[in-house]
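Trainee: I would like a close look at one part of this structure, the sheet. In what order do the strands stand, and which helices pack on the sheet?

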Amino acid sequence: MTIERLLTARRAVRSDRPLIHCITNPISINDCANAILAVGAQPIMAEHPQEVAAITQSAGALLVNLGNITDVRMASMQLSAAAARAHGVPIVIDLVGVACSPLRLDFARAFVQQHHPALIKGNLTELKAFAGLAAHTAGVDAAADDLHPADSAYAALAQLARRTGSVVFATGETDAVIDGRQLCLLHNGHPLLARVTGTGCVVGALAACFLSRADGLTAAALAAALLGICGECAAEQALGTGTFRTALLDHLSMLEDETLRRRLRLVCRAAEH
């Protein structure tokens, strides 16, 4: 993974302005739409079962986010994913809350088995639950013992990537992206990102943007790097969480390539077997 590879994907999205179809939750839908616009893509947040398949057909990527799940969204996700597979549209699934909800967990496992998303995203607790490992949490946040993963956790992510054929994207204090062969660790970010609701959903939306023009490893690494660096920049001028949230969107739309190049803290190595 090189910085030039990341910058090429970022420039392609700005140039082509792909349509990104997001079926997400009302808690973060506005922030996700604005983040997609900020990086140069076009969001559409359709979720009615009678229109989602037609919309997905013309999209550059599909994001399904399990936060605040409903019967309608679950039906629409299945219809959209079927259309995406039929038309070669890459899929991201964000495993929000699967560690605390059997409904979401069962749905996510069936969805991945049936639709083979290019990218599976979640925090480490959610990904452990999805993989059938012991996972304990209250709500949608990662468990305290998953905030600083050991190498054994990364090995489990590599096994999950190989088993599903998907790139696995684990968000946290250190973000991890793994395709079964290569593990990329991104050390950018700021604690304020965890104090504004929806930033985890936003990084999933950014990954979908870049997935429309790049492979899953590149897309997830770029999404994590961009949000982390913009979070660092926003924190330097924020008075609190409100001004931080506004500044974060400003930097997503205005961050220069040279700033990304200078601030990027990315380490890649071979994945453990």
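Mentor: Two strands count as paired here if DSSP finds at least two bridges between them. The model is a predicted one, and what follows is computed from its atoms. On that basis nine strands make up an open sheet, and the pairing within it is mixed. Read across, the order is S2-S1-S3-S4-S5-S6-S7-S8-S9. In general, the strands of a sheet are joined by backbone hydrogen bonds, in a parallel or an antiparallel sense.

Start with the edges. These positions belong to strand S2 (42-44) and strand S9 (266-270). Each of the two has a single partner strand, so one side of each has no neighbour in the sheet. Going from one strand to the next, the twist averages 20 degrees.

Now take one pair in detail. Strand S1, residues 19-23, runs parallel to strand S3, residues 61-65, and four bridges link the two. To find one of these on the display, look at cysteine 22, whose bridge partner in S3 is leucine 63.

Next come the helices that lie against the sheet. Helix H2, residues 29-38, packs on the sheet and touches S1 and S2. The direction of H2 makes about 155 degrees with that of S2. Helix H5, residues 102-115, also packs on the sheet. The contacts of H5 are with S3, strand S4 (91-94) and strand S5 (119-123), and the angle between the directions of H5 and S4 is about 165 degrees.

To place the sheet in its surroundings, the protein has 11 helices and nine strands. Its radius of gyration is 17 Å, close to the 19 Å that the globule rule gives for 273 residues, so the protein is as compact as a globular protein of that length. The C-alpha trace spans about 40 × 40 × 35 Å along the principal axes.

One last item concerns empty space. A search of the whole structure turns up one cavity of 30 Å³ or more, and the largest cavity has a volume of about 40 Å³. Its lining consists of Leu124, Leu127, Lys128, Ala131, Leu133, Ala153, Ala156, Leu157 and Leu160. The elements that supply two or more of these residues are helix H6 (124-130) and helix H7 (151-164). H7 gives the largest share, four residues. Sorted by class, the lining holds eight nonpolar residues, one charged residue and no polar ones.

Key
Residues numbered from 1 in each chain as written. Predicted model: local features only at pLDDT ≥ 70, side-chain atom pairs only at ≥ 80, totals over all residues. Heavy atoms only, no water. 1 Å grid on protein atoms, 1.4 Å probe; cavity = no way out; pocket = protein on both sides within 12 Å on 5 of 7 lines; lining within 4 Å. Points joined across faces, edges and corners; volume = space filled by probe spheres on them. Nonpolar A, V, L, I, M, F, W, Y, C, P; charged D, E, K, R; others polar. Axes fitted to C-alpha atoms, helices over the stretch in contact; angles between N-to-C directions. Contact = heavy atoms within 4.5 Å. Rg over C-alpha atoms; globule rule 2.2 N^0.38 Å.
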